[in-house]
Amino acid sequence: MTTAFRRLLVVTLLFGLDLPAAAAGETPQQVIAAAARKVVKIYGAGGLRGLEGYQSGIIVTPDGKIATAASTVLDSDEIDCVLDDGRRFRARLVGVDPRRELALLAIDAEGLPAFAPAAAERAAAGTRVLALSNLFGVAVGDERVSVQRGVVSAVVPLAARRGAADAPYRGAVYVLDCTTNNPGSAGGALVDARGRLLGMLGKELRSTASGIWLNYALPTDELARGCAEIEAGTVARPAAVEVRPFDPRRLGIVLVPDLLDSTPAYVESLVPDSPAARAGLVRDDLVIAVNGRAVPSRAAVERTLGELAAGDPVRLAVVRDGAVVDVDLGPRPQDKETR
Amino acid sequence: MPVPSLSPRVWIAFGAALACAGWAMSAWAAGDAEVLAAERRRVETIRRASAAAVSIFAGAAGGGSGVLVSPDGYALSNFHVTQPAGLVMKCGLDDGRLYDAVLVGLDPTGDVALVKLLGRDDFPFVTLADSDLVEPGDFCFAAGNPFLLATDLRPSISAGIVSGVHRYQFPAGTILEYADCIQVDAAINPGNSGGGLFDAAGRLIGVNGRASFEKRGRVNVGVGYAISANQLRNFMGLLRAGRIADHATLGAVVATSADGRVVVSDILDASDAWRRGLRHDDEIVSLAGRPVRTVNAFKNVLGTLPAGWQVPLVSRRGGRRYETLVRLAAVHTPAELAAILAGDASEPGKERGKEPEREGGRDGGPEGRPARKPPPAAGQHDGLPAAVRGLVDPRPGFANHHFNVVERDRVAKALAAGAIAKADRWVLAGTLAAGGDFRIELADDAATIDLPTGRSTIDPRADLDVRPEPPGSGGLLAALVVWRRLVRAGPAATGRTTYWGTAPADPAALGAVAMPPLVDVLESAVAGVEARLFVDGAGRVVGIDLWTAPDADPCEVRFAGDVDGLPAVIDVRRGTVPFATLRVAAPAAGDRP
């Protein structure tokens, strides 16, 4: 062990319990400050709870190309990027890679500090990492984005969903032991101990297998490929998003048999002591809305329930004796298929 | 699930050992004693901090954490932790013992409480670090009572790094504002509230009290916030004073202009800032010595300052720079603070969607404003534990007036120990900086000043607000009379005198030096005037502010140097207008105390 490395190890043990060993000559604090200059705060559409109007982005070229997560935040003509030094730029959406859920923005700037995703760094399970993002939108103006420390837990194909919709990207991701699954984190930077880009922090998704919230990052090689395809206009179209219908019997509702193209969602019977029975739903109720969305058919009920995530509250509007009655069924259970 | 009955200390050591097992083993392989020594030092640092960690139990109302900051038992915590407990509570320490504790002071706006553990004068404690030196990436750890797990009174440790500094977290209504706070990824869970956040050396850099929570409910998601040690230091004097401390407002609202400057968008003409010349559209350059480049930065600076402090303000208008000292006003009226304490203030407005929930209390804790146990009525202290009897005095306007008397008498004792306390006649004579001689004589029956412009005399036994003398000074003689009376007769014989708290010895030094020294302040309402006397650590008065009318500029007297217990230089000004600088010559032999 070299003396320099030994000293570094001691410093790390003393002052950086969980910080990865930094490059010789640079303190972890300096590495973080340098990496943070390449992360931007992005503001766009949203602003409601559960639908935040902000996220993070990574500067990938000195002339103002910024990679970020494709999300509803970008559904706006007014996307603003705020740099580490507080400068604010109106961004142009260059393009979107729907499969990787990646978007490329451009701002009119020169000489920016930038990551070099082309020089792909690789991480493996056990790699100590730092995550930089504007989680919870806590930093504004020239305030520095947040940094968290963690470890790569696994490098595995992503199997995730948002509600019941499967996430389109199925390639490899870094699964992180680091809570990056926070509002505003998506699009942030995952870097190694020397501040080199390892990946882009992912969106708020749940594991398809377990339903738990995932902390993950899109590896840099995929990020670079996606950015190149967006610029070249060769982005592949993703498979159509597939929604798994949800069987209302899981809530205790037996609807009339689905015999027509558009069978009205009449309640045929109720499973005794089920959530639906306890909530006061009765035979012959006609379900007309699920969580405020009109459901003209039995199939629509199953589809709309399927778009909810397990644990989401279920609220039905039913027609009973000519009047509309609201019924709260409590949280939606898991799919049969998932454990 | 049953857990093997290992003591938490063993668990802590075990956890710490596990955390660096990878390192340690590789180090072992290399035979690196240095690494093992570093590991042992960290375990020892955590052990020392654990000893100062307090587990607070407020019965059915929940509980939380605290941290001891003095050997005689003063411990910091959160307002939202102690509020449900009321005036007395039980506090557990790492030694496995439960101590009676009593509330000392509160800062509802900053979510801070000071309590005093009883029964020892050799409590383990930690020292406050300079939190302005904390940087993102610094190692940090929290010691506390998450989920009220410390039923055996031993704290839990969670470690991480500093994620951000100078963060601003909006208040709930007007209280529980986290300004200039430290953001960490160490796990901060409900119950950690009030506990210490420590640096690698085990010094206190903050008090944990808040976290951003999201869809997973009220559990850690790697985003906790701590009140900075420097803010705590600013308020410590007010808390020790047994007060309900209030935060500061400039009396002006700021906004970001189209070109990105922070400008005054509204200002009260009754504010000191207005009297000092601040106007609508002026740009704020710095406040209290800290640059203001965003509205958040402005709120961050203000949020760490107590009402009543004088701080430097730099503004710009039309390319010209203005520097002045400005006196900060209070966010609340005393009645509003009393209502907050009684828990009957109107609910705070709905916070914006992105605002995280507040954290605190038992597993999920109180969601709204913390309700308080009603204080025992005067004379009805029979239900209190024997240890706290005589230490509880919930007088209106105070969290616990008992501690005000303690601090007031401490300062008064230091004043009375000075050489001049025994002298009957105080004579100060010398030359004015502007030219000419002066002579001041203070006695029981008359206070006189001779200036080149003439003689002024007042009767110290009469009302002092009738005729501020000498003309133009705003009441220099009255200020000197209050000073002499306090030193000679003591606070009990000087109108209504309380311990105000602490304030910067030299406000102009704020921001220029690390941890600027604070001095004790006594407040006297006597004979129609109100005075604040600044007393340094040696028991010498170093400054007096005297108001003959509220909401007007006081007479500001500043002392420097020392000639046989009397100041060598007396600087007198009113607002920004200097009145005189008096240079005291060595006192004549007959006047020597």
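Trainee: In chain A, what share of the contacts with a separation of 6 or more comes from residues 24 or more positions apart?
Mentor: This is a predicted model. Chain A has 5 helices and 21 strands. Among its contacts with a separation of 6 or more, residues 24 or more positions apart account for 61%.

Trainee: How many residues does chain A have, and what percentage of them are buried?
Mentor: Chain A exposes about 14500 Å², with 53% of that supplied by carbon and sulfur atoms. To count as buried, a residue needs a relative accessible area under 20%. Of the 339 residues in chain A, the buried ones make up 53%.

Trainee: Now chain B. How many helices and strands are there?
Mentor: Chain B has 593 residues, and 58% of them count as buried. Its exposed area is about 22900 Å². Its secondary structure comes to 10 helices and 31 strands.

Trainee: Is strand E21 of chain B largely enclosed or open?
Mentor: E21(B) covers residues 426-432. Of its 7 residues, 5 are buried, so the rest of the structure leaves this strand largely enclosed.

Trainee: Which residue in E22(B) is the bridge partner of Thr431(B)?
Mentor: E22(B) spans residues 437-442 and runs antiparallel to E21(B). The two are joined by 6 bridges. In E22(B), Thr431(B) is partnered by Asp437(B).

Trainee: Which residue takes a positive phi in the hairpin of E21(B) and E22(B)?
Mentor: There are 4 residues between the strands of this hairpin. The positive phi, near 110°, belongs to Gly435(B).

Trainee: In E31(B), what stands opposite Gly430(B)?
Mentor: E21(B) also pairs with E31(B), residues 577-584. These strands run antiparallel, with 3 bridges between them. Opposite Gly430(B) stands Val584(B).

Trainee: How do the planes of Tyr168(B) and Phe170(B) meet, stacked or edge-to-face?
Mentor: The whole structure holds 7 aromatic pairs over all chains. Tyr168(B) and Phe170(B) form an aromatic pair with centres 5.2 Å apart. Planes over 60 degrees apart count as edge-to-face. Here the angle is 85°, and the pair is edge-to-face.

Trainee: Is Phe170(B) buried or partly exposed?
Mentor: Tyr168(B) has a relative accessible area of 5%, so Tyr168(B) is buried. Phe170(B) has 24%, so Phe170(B) is partly exposed.

Trainee: Which residue lies over the face of Phe534(B)?
Mentor: One arginine, Arg317(B), sits over the face of Tyr322(B), 5.4 Å from the ring centre. Over Phe534(B), the distance to the ring centre is 5.1 Å, and the residue is Arg558(B).

Trainee: Which strand gives the largest share of the largest nonpolar core?
Mentor: That core has 100 residues. Those touching the most other members include Leu76(B), Leu117(B) and Val311(B). The largest share, 6 residues, comes from residues 98-107 of chain B, strand E5.

Trainee: How many residues are in the second, separate core?
Mentor: Its members include Leu451(B), Val482(B), Trp483(B) and Val526(B). The count for this separate core is 46 residues.

Trainee: Back to Val311(B). Which leucines does it touch, not counting residues up to four places away in sequence?
Mentor: With those places left out, Val311(B) touches Ala288(B), Thr324(B) and Val326(B), among others. The leucines are Leu287(B), Leu305(B), Leu325(B), Leu328(B) and Leu510(B).

Conventions. Residues numbered from 1 in each chain as written. Chains lettered and ligands numbered in written order. Predicted model: local features only at pLDDT ≥ 70, side-chain atom pairs only at ≥ 80, totals over all residues. Heavy atoms only, no water. Buried < 20%, exposed > 50% of the residue type's maximum accessible area, 1.4 Å probe, protein only. Areas by Shrake-Rupley, 256 points an atom, 1.4 Å probe, with all protein chains shown as cover. Pairing = 2+ DSSP bridges. Phe/Tyr/Trp six-rings, centres within 6.5 Å; stacked < 30°, edge-to-face > 60°. Lys NZ or Arg CZ within 6 Å of the ring centre and 35° of its normal. Core = buried A, V, L, I, M, F, W, Y, C linked by side-chain atoms within 4.5 Å. Contact = heavy atoms within 4.5 Å.
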